[in-house]
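Biologist: I am new to this structure and would love a guided look. Could you take my questions one at a time?

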Amino acid sequence: QVQLVESGGGLVQAGGSLRLSCVASGSIFSIYTMGWYRQAPGKQRELVASITSGGISNYVDSVKGRFTISRDNAKNTVYLQMNSLKPEDTAVYYCVELVRSYWGQGTRVTVSS
């Protein structure tokens with residue numbers, strides 16, 4: 001069992017930045033493929049960004065150039081740096097281990113216009 005704990009959400013004005021963090025339990029974090037999903041009110045969850053054990057990242061088109069996913073294997077942590085935030089980025093963001101489908105509890109991001 002892998003436990004994932006997110007932090008870093010909050011309220012920010014449009015154009016601002018936030019950095020989400022996710023700390024994972026377990027000693028083999030370095031082999032996990034990690035991702036960030038989000039779910040906006042009334043919408044389906046979408047995979048925003050992912051990063052492989054080798055550091056290869058992918059992004060949904062709507063966040064390319066604004067969001068950056070990264071990982072620090074020494075700290076068992078994955079990050080999501082979010083810049084130039086827009087009101088449509090408002091959602092609950094979930095940290096996910098993508099292969100085994102472990103989910104964190106989510107952290108809320110609200111972007112005001």
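Biologist: Which residue in E8 is the bridge partner of Ile69?

Modeller: A word first: this is a predicted model. E7 and E8 run antiparallel and are joined by 6 bridges. Within that pairing, the residue of E8 that partners Ile69 is Leu80.

Biologist: Thanks! Which residue in the hairpin of E7 and E8 takes a positive phi?

Modeller: Look at the link between those two strands, where the hairpin has 4 residues. The residue there with a positive phi, near 50°, is Asn76.

Biologist: How many residues of E8 are buried?

Modeller: Strand E8 covers residues 77–82. The strand is mostly covered, and of its 6 residues the number buried is 5.

Biologist: E8 has come up with E7 already. In which sense do E3 and E8 pair?

Modeller: E3 spans residues 18–24. One facing pair to look for is Cys22, which stands opposite Val78 in E8. Over 6 bridges, the sense in which E3 and E8 pair is antiparallel.

Biologist: Let me pick one residue from E3. Is Ser21 buried or exposed?

Modeller: Ser21 sits in strand E3. Beyond the residues up to four places away in sequence, Ser21 touches several others, including Val5, Trp36, Val78 and Tyr79. Its relative accessibility is 15%, and a residue under 20% is classed as buried, so Ser21 counts as buried.

Biologist: Now for the nonpolar core. Which strand supplies the largest share of it?

Modeller: In soluble globular proteins, nonpolar side chains tend to be buried together. Here the largest nonpolar core has 28 residues, and those with the most contacts inside it include Trp36, Val78 and Leu80. Several strands supply at least two residues each, among them E4, E8 and E9. The largest share, 4 residues, comes from E3.

Biologist: Leu80 appears again there. Which residue of those named for the most contacts inside the core, besides Trp36, is also in contact with Leu80?

Modeller: Leaving aside neighbours within four places in sequence, Leu80 is in contact with residues including Leu18, Leu20, Ala49, Phe67 and Ile69. That list also holds Trp36 and Tyr93. Tyr93 is named among the residues with the most contacts inside the core as well, so with Trp36 set aside by your question, the name is Tyr93.

Biologist: On to charged residues. How far apart are the closest N and O atoms of Arg38 and Glu46?

Modeller: Arg38 counts as buried, at 6% relative accessibility. Glu46 is partly exposed, with a relative accessible area of 28%. The two form a salt bridge, and their closest N and O atoms are apart by 2.7 Å.

Biologist: Arg38 also forms a salt bridge with Asp89. How many residues apart in sequence are the parts that this pair ties together?

Modeller: Both Arg38 and Asp89 are buried, and their closest N and O atoms are 2.9 Å apart. Arg38 lies in strand E4, while Asp89 lies in the loop between E8 and E9, so the pair ties together parts whose separation in residues is 51.

Biologist: Which residue is linked with Arg38, Glu46 and Asp89 in a network of salt bridges?

Modeller: We have met the pairs Arg38 with Glu46 and Arg38 with Asp89. The network takes in one further name, Arg66.

Biologist: Last one: which residue meets Arg100 in a salt bridge?

Modeller: Arg100 is partly exposed, with a relative accessible area of 38%. Its partner counts as buried, at 0% relative accessibility. The side chains meet at 3.3 Å, N to O, and that partner is Glu97.

Notes. Residues numbered from 1 in each chain as written. Predicted model: local features only at pLDDT ≥ 70, side-chain atom pairs only at ≥ 80, totals over all residues. Heavy atoms only, no water. Buried < 20%, exposed > 50% of the residue type's maximum accessible area, 1.4 Å probe, protein only. Contact = heavy atoms within 4.5 Å. Core = buried A, V, L, I, M, F, W, Y, C linked by side-chain atoms within 4.5 Å. Pairing = 2+ DSSP bridges. Salt bridge = Lys/Arg side-chain N within 4 Å of Asp/Glu carboxyl O.
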